[in-house]
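Visitor: Please take me through one part of this model at close range. I would like to start with the aromatic side chains and work outwards from there.

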Amino acid sequence: MNFNSFCSDTLATMIGGIFLTLLFFWLREKIFPLPKVTGRWHFEICTVHTAYKPYENMVLRYVAMLWREGNRIEGTVEKIYENSSTGERDFVGKNRTRGEATGYIEKNYFAKDRIFLHIVENGHGRESTNFYELILDSNEEMSGTFSSMVANQDGSAKWRRKEF
């Protein structure tokens, strides 16, 4: 092998590597970007299973403000509505309970992206922990399941940009 052949092979390999790097970067940024989850979301959870029977079929609604840094998600939530065995009520102003949300986006190239959120809510009397596993249906809607440490609840969760 002579020096000219070595140099041309090395140059071709470097140019091919740079081309592939730019191609993959372009694909990731333009064709397969991370979903746009930043902004206001409204979500509703419906309890399906619980250790405390009065919570069965309870519906809670929240409003959330989320922001994304890379694939990490953070935000805040407020409970705004409840429909349970004790009645139906809207929460306004100081009667709203607030919570902190943290999570991440699981980017999938051959399936829908998934969102995992952990929300710690400062409820009336005690703190509660909820975990959400959501499928991103579009930049406007997510759906999935939730699990809560309050009365061992779990059930369905629907997230959307529009109010319920």
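Guide: Start with one aromatic cluster, formed by F43, Y62, Y132, F146 and W159. Keep in mind that this is a predicted model. In total, the structure holds eight aromatic pairs. Take F43 and Y62, which are stacked, with 4.8 Å from centre to centre and 5° between the planes. F43 belongs to strand β1 and Y62 to strand β2, so this pair ties together parts that are 19 residues apart in sequence. Both F43 and Y62 are buried.

Now compare the pair Y52 and Y55. Their ring centres are 4.8 Å apart, but the planes meet at 80°, so this pair is edge-to-face. The cut-off for edge-to-face is over 60 degrees. Y52 has a relative accessible area of 44%, so it counts as partly exposed. Y55 is partly exposed too, at 25% relative accessibility. Buried would need a value under 20%.

Next, the strands behind the stacked pair. Strand β1 covers residues 39–49 and strand β2 residues 59–69. They run antiparallel, and eight bridges join them. Within this pairing, H42 of β1 stands opposite V63 in β2. Strand β1 also pairs with strand β9, residues 154–160. That pairing is antiparallel as well, with seven bridges. Here C46 stands opposite S156 in β9. Strand β1 is thus joined to β2 and to β9. As a general point, side chains in a regular strand alternate between the two faces of the sheet.

Two rings also carry a charge over them. The charged end of R61 sits over the ring of Y81, at 4.5 Å from its centre. R160 lies over the face of F164, 4.0 Å from the ring centre.

Finally, turn to the surface. F19, L20, L23, F24, W26, I31, F32, Y109 and F110 make a nonpolar surface patch of about 1000 Å². Aromatic residues occur here too, including F19, W26 and Y109. L23, one of the patch residues, is found in helix α1, which spans residues 3–31. Its relative accessibility is 32%, so L23 counts as partly exposed. A patch residue needs over 30% relative accessible area, so L23 passes that cut-off. Set this beside the stacked pair: F43 and Y62 are buried, whereas L23 is partly exposed.

Notes: Residues are numbered from 1 along each chain as its sequence is written. This is a predicted model: local features need pLDDT of at least 70, side-chain atom pairs count only at pLDDT 80 or more; totals for chains, interfaces and linings use all residues. Side-chain values use heavy atoms; hydrogens and water are left out. Two strands pair if DSSP finds at least two bridges between them. Helices (H or I, at least four residues) and strands (E, at least two) are DSSP runs, numbered from the N terminus. Patches are made of residues with over 30% relative accessible area and no salt bridge: like charges are joined within 9 Å, nonpolar side chains (Val, Leu, Ile, Met, Phe, Trp, Tyr) within 5 Å. Accessible areas come from the Shrake-Rupley method with a 1.4 Å probe; for residues, only the protein chains shown count as cover. A salt bridge is a side-chain nitrogen of Lys or Arg within 4 Å of a carboxyl oxygen of Asp or Glu. Buried means under 20% relative accessible area, exposed over 50%, partly exposed in between (1.4 Å probe, protein chains only). Rings of Phe, Tyr and Trp (its six-membered ring) pair if their centres lie within 6.5 Å; planes under 30 degrees apart count as stacked, over 60 as edge-to-face and the rest as tilted. A charge sits over a ring if NZ of Lys or CZ of Arg is within 6 Å of the ring centre and within 35 degrees of the ring normal.
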